[in-house]
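Subject: Structure for you to look at

Dear colleague,

I am handing over the structure we spoke about, with the sequence alongside. Please look through it first; my notes on what was found follow below.

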Amino acid sequence: WGGNYFMFGGDVKGGKVKGEYPRSFSESDPTNIGRGRLIPSTPWDALFYALAQWMGITDQDEIDYVLPNSQNFGCNLFTDYDLFNTGQQTLGGCGGATLTTPITFQ
């Protein structure tokens, strides 16, 4: 479900931790589902999405074949640009300026 992955090599943008460290391990934390289990903040597919792109799979239909659940995660995926020095792919519609609004959604 969740886990740790290490990447190393000449083209890897090293020295970074991707994803989010849990804000708290307390029972009241919303990611804590009890008995020491935490809901991960970053999908397993995120890392392998970037790796697939770096290995040459850039057509969206091919990525969907290799990672059939990747469409479920929107902008919460890494691209080869995020993880590799020579990466060129980005996620369309993700990133850019952040807009704020005084409206509170419930």
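Accessible areas come from the Shrake-Rupley method with a 1.4 Å probe. On that basis the protein, which is a predicted model, exposes about 8,200 Å², and carbon and sulfur atoms supply 54% of this area. Buried residues make up 23% of the 106 residues in the protein.

As for the secondary structure, there are three helices and two strands, and these follow the pattern β-β-α-α-α when read along the sequence. Among contacts between residues at least 6 apart in sequence, 58% join residues at least 24 apart.

Helix α1 recurs in much of what follows. Its buried residues are Asp45, Ala46, Leu47, Tyr49, Ala50, Ala52 and Gln53, and what covers them includes α2 (60-66) and α3 (80-83). Just after α1, Gly56 takes a positive phi of about 105°.

In soluble globular proteins, nonpolar side chains tend to be buried together. Here the largest nonpolar core has twelve residues, namely Val12, Ala46, Leu47, Tyr49, Ala50, Ile63, Leu67, Leu77, Phe78, Leu83, Phe84 and Leu91. Helix α1, which spans residues 44-54, gives the most to this core, with four residues. One member of the core is Leu47, and if residues up to four places away in sequence are not counted, Leu47 touches Tyr5, Met7, Phe78 and Leu83.

Is Gln53, a residue of helix α1, buried or exposed? Because its relative accessible area is 5%, Gln53 is buried, the cut-off for that class being under 20%. Leaving out residues up to four places away in sequence, Gln53 touches Thr58, Ile63, Thr79, Asp80 and Gln89; of these, Ile63 is also listed in the largest nonpolar core.

Finally, there is the matter of open space. The largest pocket holds about 1,100 Å³, and of the 32 residues that line this pocket, the closest to its centre are Gly3, Asn4, Val17, Lys18 and Gly19. The lining divides into 17 nonpolar, nine polar and six charged residues, and α1 gives the most to the lining as well, with three residues. Helix α1 therefore appears twice in this account, since it gives the most to the largest nonpolar core and the most to the lining of the largest pocket.

With best regards

Note on methods:
Residues numbered from 1 in each chain as written. Predicted model: local features only at pLDDT ≥ 70, side-chain atom pairs only at ≥ 80, totals over all residues. Heavy atoms only, no water. Core = buried A, V, L, I, M, F, W, Y, C linked by side-chain atoms within 4.5 Å. Buried < 20%, exposed > 50% of the residue type's maximum accessible area, 1.4 Å probe, protein only. Contact = heavy atoms within 4.5 Å. 1 Å grid on protein atoms, 1.4 Å probe; cavity = no way out; pocket = protein on both sides within 12 Å on 5 of 7 lines; lining within 4 Å. Points joined across faces, edges and corners; volume = space filled by probe spheres on them. Nonpolar A, V, L, I, M, F, W, Y, C, P; charged D, E, K, R; others polar.
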